[in-house]
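Here are a few notes to help you find your way around this one. Have the structure open as you read, and turn it as you go.

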Amino acid sequence: MARYECFTRSKQEGDSLITPATKALEQIGFKVRSSAEGSISLIETAPVQRLRDRVLVQMDQTPNNELQCVVSNEAIATSKHNPCLAAFQTLINTLNSLQGVEIDCPVLQ
């Protein structure tokens, strides 16, 4: 199973980190699967051979501007083609480009 997780914090009050992250993922072929206040789930729309290869993204934002992101699928993480890691990198690059955002990500350390 491939699973990547990060936590981000915005120093600016009222900043929604979910919005730019969602837009970036939609640009690479994800669609919103479900959403509720402060929480969103996206799914990869590219055709896959097995359902377990489909990448899922779950993002939850707290009222104090903290965002938890989990990107996962059931495929083997050591594969040369790892769409889960590619989606995670897109998410990290997007959040990294925003001003006043701190990223806590064990995978990148």
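The points below start with strand β1 and then move on to the core, a ring pair and one odd loop residue.

1. First, a caveat: what you're looking at is a predicted model. Please read every value below in that light.

2. Start with β1, residues 2-10. Which of its side chains are buried? A2, Y4, C6, T8 and S10 point to one face and are buried, while R3, E5, F7 and R9 point to the other face and are not. That fits the usual picture, since in a regular strand side chains alternate between the two faces of the sheet.

3. Now look at what β1 pairs with. It runs antiparallel to β5, and eight bridges join these two strands; one of the pairings puts A2 with N73 in β5. β1 also runs antiparallel to β6, residues 101-104, this time with four bridges. On that side, T8 stands opposite I103.

4. T8 deserves a pause. How accessible is T8? Its relative accessible area is 0%, so it counts as buried. Setting aside residues up to four places away in sequence, T8 touches L17, N65, E66, L67, L95, V101, E102 and I103.

5. Next, the largest nonpolar core, which has 24 residues. L25, M59, V71 and L91 are the members that touch the most others. At least two core residues come from each of β1, α1 (18-27), β3 (39-44), β4 (56-61), β5 (66-73) and α2 (83-96). Helix α2 gives the largest share, six residues. As a rule, nonpolar side chains in soluble globular proteins tend to be buried together.

6. To get a feel for that core, pick L25. Which residues does L25 contact, leaving aside neighbours within four places in sequence? They are F30, L42, V57, M59, A87 and L91. Two of these, M59 and L91, are also on the list of members that touch the most others.

7. There's one aromatic pair to find. Y4 and F88 are stacked, with 5.4 Å from centre to centre and 25 degrees between the planes. The pair links distant parts of the chain, as Y4 sits in strand β1 and F88 in helix α2, 84 residues apart. Both rings belong to buried residues, Y4 and F88.

8. Last, check N65, in the loop between β4 and β5. N65 isn't a glycine, yet its phi is positive, about 65 degrees. Most residues other than glycine have a negative phi, hence the flag. Is N65 buried or exposed? Its relative accessibility is 7%, so N65 counts as buried, and N65 is among the residues that T8 touches.

Conventions. Residues numbered from 1 in each chain as written. Predicted model: local features only at pLDDT ≥ 70, side-chain atom pairs only at ≥ 80, totals over all residues. Heavy atoms only, no water. Core = buried A, V, L, I, M, F, W, Y, C linked by side-chain atoms within 4.5 Å. Buried < 20%, exposed > 50% of the residue type's maximum accessible area, 1.4 Å probe, protein only. Contact = heavy atoms within 4.5 Å. Phe/Tyr/Trp six-rings, centres within 6.5 Å; stacked < 30°, edge-to-face > 60°. Pairing = 2+ DSSP bridges.
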